[in-house]
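The following note sets out numbered comments for a colleague who is new to reading protein structures. Please keep the sequence and the structure in view while going through the points.

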Amino acid sequence: MSTGISCEVRDEAAVTVVRLAGELDLSTMRSLHTVLDHCLTAQPDALVVDLSRLAVTDPLALSVFAAAARRAADWPAVPMVLCSPPPETATWLAETTACRVVPVRQDCAEATAVANAAAAPRLRARLEPVAGACRRARSW
């Protein structure tokens, strides 16, 4: 990530928690989007983003959360919840369309509960290779 923002990703049971620190602006939002996208490719049951140590210097940069939430809603759907925004950030989130797309909660425990409640059960299976499977699939 760029020097203006850092993130700590923790996989806690079925929920992935991303804790952000630093300044979010137009120059750092792309790197944040990359991190969130990477978290979503791991297909967690839910994604919680902790904003408690994030300073937003440009309200337009908050659109990164709406973009990530739209991506999270694609198959397989991953509920995404923002939590613990500082007061100014909470005000800006309420004024943008981001809150229509991604819910915001006051603390991480509440956000995790909301995300878990919205998560759909997943079936995960690891398939081992089968000799001749490609040949048999082509013959059908």
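1. In what order do the elements of the protein chain run from the N terminus on? The order is β-β-α-β-α-β-α-α-β-α-α. The chain thus has 6 helices and 5 strands. It should be kept in mind throughout that this is a predicted model.

2. Some overall values describe the chain. Of its 140 residues, 38% are buried. The exposed area of the protein chain is about 8200 Å², and carbon and sulfur atoms supply 56% of that area. Among contacts with a separation of 6 or more, 69% are between residues 24 or more positions apart.

3. The sheet deserves attention next. It is an open sheet of 5 strands in the order 1-2-3-4-5, with mixed pairing. Strand 1 (5–12) and strand 5 (104–105) are at the edges and have a single partner strand each, so one side of each lacks a neighbour in the sheet. As general background, strands of a sheet pair through backbone hydrogen bonds, in either a parallel or an antiparallel sense.

4. One pairing may be followed in detail. Strand 3 pairs with strand 4 in the parallel sense, over 4 bridges. V49 has L82 of strand 4 as its bridge partner. Helix 1 packs on this sheet and touches strand 1, strand 2, strand 3 and strand 4. The direction of helix 1 makes about 175 degrees with that of strand 2. Helix 2 (residues 63–73) lies across strand 2, strand 3 and strand 4, and runs at about 150 degrees to strand 4.

5. V48 belongs to strand 3 (residues 46–56). Why is V48 classed as buried? The class applies because its relative accessible area is 0%, and buried means under 20%. Beyond its neighbours within four places in sequence, V48 is in contact with several residues, including V15, V17, V81, C83 and A115. A111 is also one of these contacts. V48 and A111 are 63 residues apart in sequence, yet their C-alpha atoms are 6.6 Å apart in space.

6. T16, another contact of V48, lies in strand 2 (residues 15–24). T16 is buried as well, with a relative accessibility of 6%. The side chains of T16 and D11 are joined by a polar contact of 2.7 Å. Leaving aside neighbours within four places in sequence, the residues that T16 contacts include V9, C39, P44 and L47.

7. Helix 3 (87–95) shows how burial can follow the geometry of a helix. Which residues of helix 3 are buried? They are T89, W92 and L93. Viewed down the axis of helix 3, these buried residues fall within an arc of 100 degrees, so they line one face of the helix. P87, E88, A94 and E95 are exposed on the other side of helix 3.

8. Two loop residues should be checked for their backbone angles. Most residues other than glycine have a negative phi. Q43, which is not a glycine, has a positive phi of about 55 degrees. Q43 is placed in the loop between helix 1 (29–41) and strand 3, and is partly exposed at 32% relative accessibility. S84 also has a positive phi, near 55 degrees, and is a residue other than glycine. S84 sits in the loop between strand 4 (80–83) and helix 3. At 16% relative accessibility, S84 counts as buried.

Methods
Residues numbered from 1 in each chain as written. Predicted model: local features only at pLDDT ≥ 70, side-chain atom pairs only at ≥ 80, totals over all residues. Heavy atoms only, no water. Helix = DSSP H or I, 4+ residues; strand = E, 2+ residues; numbered from the N terminus. Buried < 20%, exposed > 50% of the residue type's maximum accessible area, 1.4 Å probe, protein only. Contact = heavy atoms within 4.5 Å. Polar contact = N/O pair within 3.5 Å; in protein donor to acceptor, adjacent residues only side chain to side chain. Areas by Shrake-Rupley, 256 points an atom, 1.4 Å probe, with all protein chains shown as cover. Arc of directions from axis to C-beta. Pairing = 2+ DSSP bridges. Axes fitted to C-alpha atoms, helices over the stretch in contact; angles between N-to-C directions.
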